[in-house]
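Thank you all for coming. I would like to take a few minutes to walk through one model, going from its strands to two individual residues and then to the chain overall.

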Amino acid sequence: MTDVANKFVVEPFSASTEKHEKFNRLLKKRYAAEARFKMWGILAVSSAVVFLVLLVGSIILQGSSAFVTTKVELELNLDPAVIDPQGTKDPKVIASADYTALIRAAMQKKFPEVTGRQPIRQMMALISSGAGYEVAAHVRDNPDLIGQTIRFEVLTDDLVDMLRKGYIDRDVAEGDRKLNDLQLGIYDTLVADGSLSAAMNTELLTTGDSREPENAGLWGAVVGSLYTLIVTLGIAFPLGVMAAVYLEEFAPKNKLTDIIEVNINNLAAVPSIVFGLLGLAVFLNFFGMPRSAPIVGGLVLALQALPIIIIASRAAIKAVPPSIREAALGMGASPIQVVMHHTLPLSMPGMLTGAILGMAHALGETAPLLMIGMVAFIVDIPGGFTSPATVLPVQIYLWADSPERAFVEKTSAAIMVLLVFLVCMNAIAIYLRKKFERKW
């Protein structure tokens, strides 16, 4: 009886209270650790958002002004003796006329006090070197204007544009400015009489590159990027999907396939410039393909995007439930039919998402394209896959390396266009995933 009673001896109240307090301390410590973990997580996300806003904000602040340019309105006397002496109205004859002389005459009429070769040259330096082509295109499209005096807005030099936007300090000594006192006086007169005005810079999105900042545009790089991505997608996506299907559905599990899988994973982490060296050695030097062409750039970027697409496609195939395959096989379908009729359609959203994200990653690459010569100065809009071309990242690199102040805002504007390009591609990936996604 005593032994049984000893088994039910109650602990002293002080010992029970001490254990309870210890438990509470441990519980509070755990809750405090959880609160600190949440706080650090929120702090990390907030820091990332702040830095992202600062980055995008700085790009927008610097690049938004590039979409606005400066033009000056002049009274141009379209003298037939200069434009079309024979009166043929031949577009080639009209386009080849000396329109710079007409612009010079209009400026001298507006500023008759400016005389002498050097002052006139300084006055004409305020007008863009491409202004004559603007007038030529307008007269060629409207030949009935020949012989009339028209008011026409021509593009100013980039220094005038920078002065209007406040990037040039006019209060410093004349020797430290890029515009002298004569040019500042002409500028002030043009502003006072309302001849100088801001206009949308349509040339930025409709023309190719130029040595003159005010004439430089992005359209050549945009078209080159599209051609390059078409080649990349056309090669990397089918090869990546076929490789993923074979490795996941048909390849035997042995040392050889293990080595292949390891190498695919390693290729995804190889520095991009290595693929550029491979393209230089194989596609240019060995096969003799055209340098600085979208087809070569697409091949190089396809090699780089291939491991990413294979890994994403394999993950999408693994996500298909085994019961789908077993049910198809049980109904008498062959392994090929299982893949073509069931596995591929169900895994295609993940494959497309991986492919588009791989394309977006390839679009931001510069180093491999520099190695195959796509850093060349290209003025014309590429007309095909073998035409000389450049791409947006390389165009950004070229403009960022230019010394003119106007190229700084154009660099930021090009980054904005590239970001819009990437956002659109990611939006397409999200749309495809939501549209075709199956939940099990």
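In which sense do E1 and strand E2 pair, and over how many bridges? E1 and E2, the latter covering residues 149-155, pair in the antiparallel sense over seven bridges, where strands count as paired if DSSP finds at least two bridges between them.

Before going further, I should say that this is a predicted model, in which local features need pLDDT of at least 70 and side-chain atom pairs count only at pLDDT 80 or more, while totals for chains, interfaces and linings use all residues. Residues are numbered from 1 along each chain as its sequence is written, and side-chain values use heavy atoms, with hydrogens and water left out.

Returning to the strands, E1 takes in residues 68-77 and is also joined to E3, by five bridges and again running antiparallel. Two partners give us the register: Val-72 is bridged to Val-154 in E2, and Val-68 has Met-200 as its bridge partner in E3. The chain has three strands in total, alongside 18 helices; both kinds of element are DSSP runs numbered from the N terminus, with helices (H or I) needing at least four residues and strands (E) at least two.

Let me now take Glu-134, which sits in helix H7, residues 131-141. Glu-134 is buried, at a relative accessible area of 18%, since buried means under 20%, exposed over 50% and partly exposed in between, with a 1.4 Å probe and protein chains only. Setting aside neighbours within four places in sequence, Glu-134 has contacts (heavy atoms within 4.5 Å) that include Lys-71, Val-154 and Glu-203.

Leu-205, by comparison, lies in the loop between strand E3 (196-200) and helix H10 (219-250), and is partly exposed, with a relative accessible area of 43%. Beyond its neighbours within four places, Leu-205 is in contact with Phe-67, Leu-218, Trp-219 and Val-417, whereas its C-alpha atom is separated by 74 Å from that of Lys-19, 186 residues away along the chain.

Finally, the chain overall. The C-alpha trace spans about 130 × 70 × 40 Å along its principal axes, and the radius of gyration is 33 Å, where a compact globule of 440 residues would have one near 22 Å; that radius is taken over C-alpha atoms, and the globule rule is 2.2 Å times the number of residues to the power 0.38. Buried residues make up 40% of the 440.
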